[in-house]
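Here's a quick tour of a single-chain model, from confidence to cores to surface. Have the viewer open as you read.

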Amino acid sequence: MAGYAFWSRSNRTFRERMTPNAWTFSNAQSILRTINPSGTFAITAVSGSGMVGMEAADFVGDVRTKNPKGSAVAKLVERNFKQLPLFSIFDEGMESEVEVNDLPTWFLLYKSSNEGLMFELSLPVQMHGKYVDSWRERIILDDNPFLGAEFDIKRLDEMPLAAPVDVPVEFKGAV
């Protein structure tokens, strides 16, 4: 449950922090995306495994999504593979509003460990099996305030020690 809670809270917090800056969002095909103000790309938070957040990681195979992904993500990744520019240039006669599923979608990858959380912003371009494991671009987020064992998301499942609850029950009816 901690993994799901962290994933949904990550996307929610990212949206809440970006909406004052004119970013919008979409939940199309159950992919929680935050869309930049010009509508040229989107970002979604996704759990990763392997060498997330490490400069030495190769662009293929060393970093992958932690959980398997379905056909909607597969189409998104394929679309990313085919699209080269980060910022689209529109002709005057072109439709200025683009369908969210046509936008390049970047993954804000995070990985939890005993040392804390690691992050990177990466553009996925290929899947092997049900896991995204190939990236066109990887931007390591070095300025990380979430280092230390207290930031291990597995701790979200820890139950705080609490005194037992005593509920008095009295019979108030006739026999």
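The notes below start with how far to trust the model, then move inward and back out.

This is a predicted model, so to speak a computed guess: local features need pLDDT of at least 70, side-chain atom pairs count only at pLDDT 80 or more, and totals for chains, interfaces and linings use all residues. Residues are numbered from 1 along each chain as its sequence is written, and side-chain values use heavy atoms, with hydrogens and water left out.

On pLDDT (the predictor's confidence in each residue, from 0 to 100), the chain averages 82, and 78% of the residues score at least 70. Residues 89-97 stay under 50, and the model gives that stretch three contacts beyond four places in sequence; a contact means heavy atoms within 4.5 Å.

As for the fold, the chain has two helices and seven strands, in the order α-β-β-β-β-α-β-β-β. Both kinds of element are DSSP runs numbered from the N terminus: helices are H or I with at least four residues, strands are E with at least two. Of the contacts between residues at least 6 apart in sequence, 59% join residues at least 24 apart.

Buried residues make up 38% of the 175 in the chain. Buried means under 20% relative accessible area, exposed over 50%, and partly exposed in between (1.4 Å probe, protein chains only). A nonpolar core is a set of buried Ala, Val, Leu, Ile, Met, Phe, Trp, Tyr and Cys residues joined through side-chain atoms within 4.5 Å. The largest has 14 residues, and the members touching the most others are Val63, Val73, Val77, Phe107, Leu109, Val132 and Trp135. Helix H2 (71-82), strand S5 (105-113) and strand S7 (131-140) each supply at least two of its residues, with H2 giving the most, four. Apart from this core lies another one of 13 residues, including Phe6, Tyr110, Phe119 and Leu121.

Trp135 is worth a click: leaving out residues up to four places away in sequence, its contacts include Phe59, Arg64, Ser122 and Pro124.

Now for two backbone oddities. Most residues other than glycine have a negative phi, yet here are two with positive values:

| Residue | Phi | Loop | Relative accessible area |
|---|---|---|---|
| Ala22 | near 75 degrees | between helix H1 (2-18) and strand S1 (24-26) | 48%, partly exposed |
| Gln29 | near 55 degrees | between S1 and strand S2 (33-35) | 45%, partly exposed |

Finally, Val169 lies in the segment after S7 and is exposed, with a relative accessible area of 75%.
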